[in-house]
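Here is a small set of exercises to work through with the model open beside you. Try each task on your own before you read its solution.

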Amino acid sequence: MGLIQQSPNLLEEFSTSENVAFPLLFDGMKRPHALKLAVEALRGVGMAHRTDADIRSLSGGEAQRVAVARALVRPDVSLIVADEPTASLDVENARRVTELLLSEADRHSATVLLATHDPAVAALCDRTYHLTREHDAA
Amino acid sequence: MRTVLRFSAAVAFSHDRRQRWRQVCLLAASFIATFAVLVALGLIALSYTSPLRAGAMLGVPTAAVGDDYPGMSPEGAVAAVVDRGTLAMDRQVPTVWIEPMAGHEDDPTAVPPGLDELPGPGEAVLSPALVAAGYTAEDFGWLSSAAGSGTDGTIGDEGLAAASEPLIFVRPEAGASLGEGGAVTYIATYAESDPNAVYGGNSYDPEVVSVTMMAPGVAIFLVVPSLVLLISSSRARSLVRDERLRFLHTLGVRARTARTTMACETGLLALSGALIAVLAHAVFGRWLTVIPATSIRLFPGDLSLPWWVYLPAVAVTVGCAFFCGALGRLLPRRRSRRPRAGHMIAVAGLVAAVLTVIGSATSWVSPSVASTVFVGGTIGVIIFLPLAVPTLSAAAASSMRTMRSPVLWAAARRLRHDAVHLSRVASVLGVLIVVVSFAVALWGSAAATQAEGSSSHSSGAIAVGWRGDPEGGLEAARDAFAEEGRDVLIVSTVSQDDTDGPMPRLVDVDDCASFVAFFNGDSADVCAPGNGDKLSDFAEANTGMRTPEDTTRLGPDDGLGDDVAIFSREPLSTQNVQRILGFLPALNISLTASDVTAPLPIVQWLVAGALVAFAILGLAIVREIGDRSVEDSGRDVIYQRLGLSLHTSDKLAWTVLLIPLVVSTVTAFFCSLVISYAGEVLQIAKGDTLKLVLVAAISLALPIGAILLTIPARRAAASVNRR
């Protein structure tokens, strides 16, 4: 399972690729192999040119794309839970990140469970459910 | 400026709960720091005034005649005095034997301060501390006198350095005299005091240590630790403060103005704590009489200060807080792999300070300035060590960054990235270890000096001396023991001419048969004419002293001396000898190490200083851990979102904490070793590796224990953050 949140939760002390490789390293994977997979994941989200970048130099959209790469980095990932992943992004970046998330998930044959307030983002999903409070629905 | 102040005040005294931790930390720290500075100033002032007050007890000696020193001539004297020491409270209690000169028996100028009149012949006046400890004049073989101006006729405050000062004034019995010359000092008047008088100079240690020891002592053990606590607290976390700073940044406020705002916020909180401390000191300062963990008690009002002294004390603490507040980070750090120049300067400073300490113990440094260089180097270590710990921790982390273990790798990367912030606890720990180790080394030296200063009698004899008639005194002493029914042997001892080096004392046997019989020898054999060597061998075997030979050159009587040696078949305590022979004028009993077991005042002051420093710096460590706990709870949430287990994130947090702690402990321990052993060379301190290891281990256990205690709070905070 991979998790993406509104905040990308990247760790400042690591480079972009190390942030992506972080979960793999703690799964016990050898560092060179984990970093190789991280670079591949970053390539998948269009961040191959920033693999060694300082996290604080990334834009909001770039940081969220790194978070997407990190959620998808496990080879056997089958479910991505995304909680408002585009809430802090502008319209264009929100669309790009969502498309990327969905296409990469598709490539990994993973399911994405995405919560959003943005109808444009919801429209990109295969299936949508509207969650309302009981008394609102009534 | 008015806007800045109003903005700062609004942040400082915000009702927002997120500002509460910072408010509590800064108020408490500025209170402690200001109070500590005020107490430090009071103690320094006391170390000036106390000897002057107690020095009045010495009176003004008679003028010097010819090449003599003042006090050696009886011309114009109202009294003759001899300073002795009496065993009480497990220490050598200063005892002033006072004998009015003929015609001055009722002369008020012959009465020392603290007395209303001279005690009667054979009477003694005790200080309140001795009476409180349960002693009476009769315990020492004298009669009680109520001639003192204090409560119940004890010595009044005006003649004492401190309330806990043990002191005795005693007057020889009628017909007995202190004699002339030698240890006698002639006093011209007690109505004035001698500005050159050195209280306790030769014979004993006053309760309040001298200003040359007090000033650096309070600086190292009281002021520096409390300022470390204040500096630490000025960095206490507050989300309200962070938000307001971001707000100022968003508005485009200049960095200088933003810094002023931050400094004012910190300064205002510190000012509040400082004013409370001033109020507390003004109201309760008069009643600060107890030096913690010691038997030293001061007089009420001893630590009171004039009102104007409060101003610099407040200025120091508020200024320190203001300065530290302005140093806060305005924007997120820029990443730099290179250590900042300031950090390298700190390491260089630490190395220079350690080399200075080492240098002070070498022959390159003149002995006249070696102590000053040593103290300067030690203060340098205390200043530069906390500044150097982040750089050393970062260096240690760099060496671990290629580790295979992901926990070590991640911890090393985090440390290297933010070494200053993550080494705060370790920095304070380093100061704590050095300061407490320094106190332990000084204490070790003072305790060793005390043990060396007490003689030991391998023969089991008690050496006794007195003033006046030696022969008459010897007979009187024998009679006194006989009246008590004690089977003792009292023999005279003589000193040899020691101009060519130290020479042992000799026993002067006046009655060979009694002497030999006392030790169950054959007097017919040993005392036979021409058997001088045999007697000498016998004496050495039983008393540890030989008898004089024809060629022996005897030395002059030093007047302080061990005039006789008392041997007893049954156990005979120093207290018993004092009680039985108390009538001898200016009785002097040589005390042994087992008699004088009470710690010297300097040792007690050092213990108090070490404890206070440990408590204040321990508080600073606990405060830093409070900040760390909040920050680590945020980290825990991120780690868990990345899939790390609670156990793994705990391991990471512990590793990040322990690396700087270990680096700091090892560095501080090394510095402490250097300071102690260099101090030992200079005879200031005493190196004791085991004690230093214990200090380092206990100090290291403090933050680790505190963190273990904060784990539940961290879990709770992490739970709130997750939600």
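## Warm-up: the two chains

In chain B, take the contacts between residues at least 6 apart in sequence: 79% of them join residues at least 24 apart. Keep in mind that this is a predicted model.

**Exercise 1.** Describe chain B by its elements, its extent and its buried share.

*Solution.* Start by counting elements: chain B has 20 helices and 12 strands. Next, look at the extent of the C-alpha trace, which spans about 105 × 55 × 45 Å along its principal axes. Finally, check burial: of the 723 residues in chain B, 48% are buried.

**Exercise 2.** Now do the job for chain A, and work out how its radius of gyration fits the globule rule.

*Solution.* Chain A holds 6 helices and 3 strands. Read from the N terminus, its elements come in the order β-α-α-α-β-α-β-α-α. The radius of gyration is 15 Å, and the globule rule gives 14 Å for 138 residues; these values are close, so chain A is as compact as a globular protein of that length. Along the principal axes, its C-alpha atoms fill a box of roughly 55 × 30 × 25 Å. Buried residues account for 38% of the chain. As for contacts with a separation of 6 or more, 70% of those in chain A are between residues 24 or more positions apart.

## Strands in chain A

**Exercise 3.** Find the strands that pair with β2(A), and say in which sense they run.

*Solution.* Go to residues 79-83 of chain A, which form strand β2. One partner is strand β1 (residues 2-4) of chain A, paired with β2(A) in the parallel sense over 3 bridges. As a landmark, Leu3(A) has Val81(A) as its bridge partner. Then turn to strand β3 (residues 111-115) of chain A: 5 bridges join it to β2(A), and the two run parallel. Here Ala82(A) sits opposite Leu114(A). To get from β2(A) to β3(A), the chain passes through helix α4 (residues 91-107) of chain A, making a right-handed β-α-β crossover.

**Exercise 4.** Which side chains of β2(A) point to the buried face?

*Solution.* Walk along the strand and watch the side chains alternate. Ile80(A) and Ala82(A) point to one face and are buried. Leu79(A), Val81(A) and Asp83(A) point to the other face and are not buried.

## A sheet in chain B

**Exercise 5.** Trace the open sheet of 7 strands in chain B and find its edges.

*Solution.* Lay out the strand order: β1-β7-β2-β3-β6-β4-β5 (chain B), with mixed pairing. At the edges stand β1 (60-61) and β5 (143-144) of chain B; each has a single partner strand, so one side of each lacks a neighbour in the sheet. For β5(B), the link to strand β4 (residues 123-126) of chain B is parallel and has 2 bridges. In that pair, Ala124(B) is the bridge partner of Ser144(B).

**Exercise 6.** Why is β2(B) largely enclosed, and what does it pair with?

*Solution.* Check the burial of strand β2 (residues 79-88) of chain B: 9 of its 10 residues are buried, so the rest of the structure largely encloses it. Now look at strand β3 (residues 91-100) of chain B, which pairs with β2(B) in the antiparallel sense over 10 bridges. Leu87(B) stands opposite Gln92(B) in this pair. The two strands form a hairpin with 2 residues between them, and Met89(B) in the turn has a positive phi of about 55°. Another partner is strand β7 (residues 185-189) of chain B, antiparallel to β2(B) over 3 bridges. There, Ala79(B) faces Ile187(B).

## Core and contact surface

**Exercise 7.** Which element supplies the largest share of the largest nonpolar core?

*Solution.* This core has 249 residues, and Leu617(B) is among those with the most contacts inside it. Its largest share, 17 residues, comes from helix α12 (residues 424-453) of chain B. Zoom in on Leu617(B), and you'll find that it touches residues including Val428(B), Val431(B), Leu432(B) and Val435(B).

**Exercise 8.** How many residues of chain B are in contact with chain A, and which helix gives the most?

*Solution.* Count first: 12 residues of chain B are in contact with 12 residues of chain A. On chain B's side, α10 (406-417) and α18 (601-641) each supply at least two residues. The most come from α10(B), with 4 residues. Sorted by class, chain B's side has 5 nonpolar, 3 polar and 4 charged residues.

Key. Residues are numbered from 1 along each chain as its sequence is written. Chains are lettered from A and ligands numbered from 1 in the order in which they are written. This is a predicted model: local features need pLDDT of at least 70, side-chain atom pairs count only at pLDDT 80 or more; totals for chains, interfaces and linings use all residues. A nonpolar core is a set of buried Ala, Val, Leu, Ile, Met, Phe, Trp, Tyr and Cys residues joined through C-beta atoms within 7 Å. A residue is buried if 20 or more other C-beta atoms lie within 10 Å of its own, exposed if 12 or fewer, and partly exposed in between; C-beta atoms are placed from the backbone. Two residues are in contact if their C-beta atoms, placed from the backbone, lie within 7 Å. Two strands pair if DSSP finds at least two bridges between them. A crossover is right-handed if, with the strands pointing away from the viewer, the path from the first strand over the helix to the second runs clockwise. Ala, Val, Leu, Ile, Met, Phe, Trp, Tyr, Cys and Pro count as nonpolar, Asp, Glu, Lys and Arg as charged, and the others, Gly among them, as polar. The radius of gyration is taken over C-alpha atoms; the globule rule is 2.2 Å times the number of residues to the power 0.38. Lists of a residue's contacts leave out its neighbours within four places in sequence.
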